[in-house]
Amino acid sequence: MSEQSNNQGRAYEFACIKTLNEKINKIRKSQIVENSAYLADKNAWQLVSNNLKNILIVSSRAVVETIFDLEPRILENDNNMLLLKIQTDNEGKEGDVRDIVISRPDIEWEIGLSIKHNHFAVKHSRLASSLDFGKKWFGVNCSKEYWNDVNHIFNYLKEQKSSGKNWRDLNLKEDTVYVPLLNAFMNEIDRSNKCNNAVSRKMVEYLLGEFDFYKVISIDSKKLTKIQSYNLHGSLNKSANNKQATIKIPLVNLPTRIVSLGFKPNSKNTIELYMDNGWQFSFRIHNASTKVEPSLKFDIQIIGMPATIISIDCLWKW
């Protein structure tokens with residue numbers, strides 16, 4: 001991710017948490033936790049243009065009322081403090097994709113928002129020479145066959161790194177690196193799936209995080225903010241004492257099996273994963289730096305999702 005994109009993403013998180021706090025404080029007490037992540041977002045906010053600031057504020061305002069309709073416990077006034085917190089990067093690395101957490105410590109309740117500015121990407125996971133992706137993704141250690149298949153690829157990349165090569169200097173990098181690495185990746189998923197029928201479910205839980213959340217996506221070109229519900233474990237959409245949610249969302253069924261896994265047609269850097277219950281992902285592998293490294297990054301996108309993931313378009317009002 002470029003520095004500009006990172007700043008814009010952080011600035012959008014800042015706009016969302018400030019807008020939420022302002023709206024909530026009109027009805028009940030709320031407070032932003034001013035941790036290191038909040039200060040980083042505040043700094044990013046100061047770096048973006050005034051025009052983008054206006055866009056991000058309008059975008060964040062568009063979705064707030066919908067969040068309140070989905071989660072009546074936010075506005076339930078019990079005279080206790082409601083907290084809003086921006087998650088640190090370390091929390092995200094530990095299986096939590098939520099950027100903003102809204103909580104009421106007095107009743108041990110919280111919900112989370114994953115904030116996206118002009119993109120729908122899931123995670124940016126890696127394949128690397130010393131990274132056991134199977135253990136990390138679905139709890140099954142990568143096999144000797146996998147390491148035999150990838151070691152020569154990563155050794156080649158280490159040699160190119162030691163020579164100071166840039167990725168653009170590599171001839172036929174798709175055929176010599178991307179394709180064999182993706183084939184090894186797919187073969188390992190297939191091996192693990194045959195001996196563990198929980199692989200498909202655990203993969204989705206890894207890609208989406210272990211906590212339920214709402215994804216909030218600003219789509220500036222269309223002047224709308226989209227909100228999607230990922231109610232995988234049933235913790236979202238809880239009723240308050242005297243009010244039920246105005247918008248009801250269902251529980252989402254996790255996958256139970258892999259239907260197919262293969263290269264996207266006419267592509268040497270992207271594979272597509274199809275599972276039951278409506279889950280579909282694409283994995284595009286790419287180099288994450290100018291210089292050659294024995295590590296590559298995935299851009300993972302949801303290309304199909306269960307009908308029980310509710311998507312709501314919130315139009316902007318200028």
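**View 1. Ala15 sits in helix α1.** Welcome to this predicted model, which we enter through a single residue. Ala15 has 0% relative accessibility, so Ala15 counts as buried, a term kept for residues under 20%. Look across to Asn54 as well: Ala15 and Asn54 are 39 residues apart along the sequence, and their C-alpha atoms lie 9.4 Å apart in space.

**View 2. The largest cavity has a volume of about 40 Å³.** How many cavities of 30 Å³ or more are there? The count comes to one. Its lining is made up of Cys16, Leu20, Ser60, Val63, Val64, Ile67, Leu113, Ile115 and Val216. Three elements each give two or more residues to this lining: α1 (3–24), α3 (50–70) and β4 (109–117). Which of the elements gives the most? That is α3, with four residues. Sorted by class, the lining of the largest cavity holds eight nonpolar residues and one polar residue, with no charged residues.

**View 3. The second largest pocket holds about 150 Å³ of space.** Here the lining residues are Val58, Arg61, Ala62, Leu315, Trp316 and Lys317. Helix α3 turns up again in this view, giving the largest share of the pocket lining with three residues. By class, four residues of this lining are nonpolar and two are charged, while none are polar.

**View 4. Seven strands form an open sheet with mixed pairing.** Reading across the sheet, the order is β1-β2-β3-β4-β6-β7-β12. Which strands are at the edges? They are β1 (30–32) and β12 (311–315), and each of these pairs on one side only. On average, neighbouring strands of the sheet are turned by 20 degrees against each other, ignoring direction. As a general point, strands of a sheet pair through backbone hydrogen bonds, in either a parallel or an antiparallel way.

**View 5. At one edge of the sheet, β1 pairs with β2.** Strand β2 covers residues 82–86, and its pairing with β1 is parallel, over three bridges. To pick out one partnership, start at Ile32 and find Leu84, its bridge partner in β2.

**View 6. At the other edge, β12 pairs with β7.** Strand β7 spans residues 224–230, and this time the pairing is antiparallel, over five bridges. Thr225 stands opposite Cys314 of β12. The side chains of β12 alternate along the strand. Ile312 and Cys314 point to one face and are buried, whereas Ser311, Asp313 and Leu315 point to the other face and are not buried. You may recognise Leu315 from the lining of the second largest pocket.

**View 7. Helix α7 runs over residues 173–195.** This helix has 23 residues and reaches 33 Å from its first C-alpha to its last. That is close to the 33 Å expected at 1.5 Å a residue. Its buried residues are Val177, Tyr178, Leu181, Leu182, Ala184, Phe185, Met186, Glu188, Ile189 and Ser192.

**View 8. Helix α8 is largely enclosed by the rest of the structure.** Why is that said of α8? The helix runs over residues 199–208, and seven of its ten residues are buried, so the rest of the structure largely encloses it. The buried residues are Val199, Ser200, Met203, Val204, Tyr206, Leu207 and Leu208. Just after α8 comes Gly209, which takes a positive phi of about 90 degrees.

Definitions and conventions:
Residues numbered from 1 in each chain as written. Predicted model: local features only at pLDDT ≥ 70, side-chain atom pairs only at ≥ 80, totals over all residues. Heavy atoms only, no water. Pairing = 2+ DSSP bridges. Axes fitted to C-alpha atoms, helices over the stretch in contact; angles between N-to-C directions. 1 Å grid on protein atoms, 1.4 Å probe; cavity = no way out; pocket = protein on both sides within 12 Å on 5 of 7 lines; lining within 4 Å. Points joined across faces, edges and corners; volume = space filled by probe spheres on them. Nonpolar A, V, L, I, M, F, W, Y, C, P; charged D, E, K, R; others polar. Buried < 20%, exposed > 50% of the residue type's maximum accessible area, 1.4 Å probe, protein only. Expected span 1.5 Å × (residues − 1).
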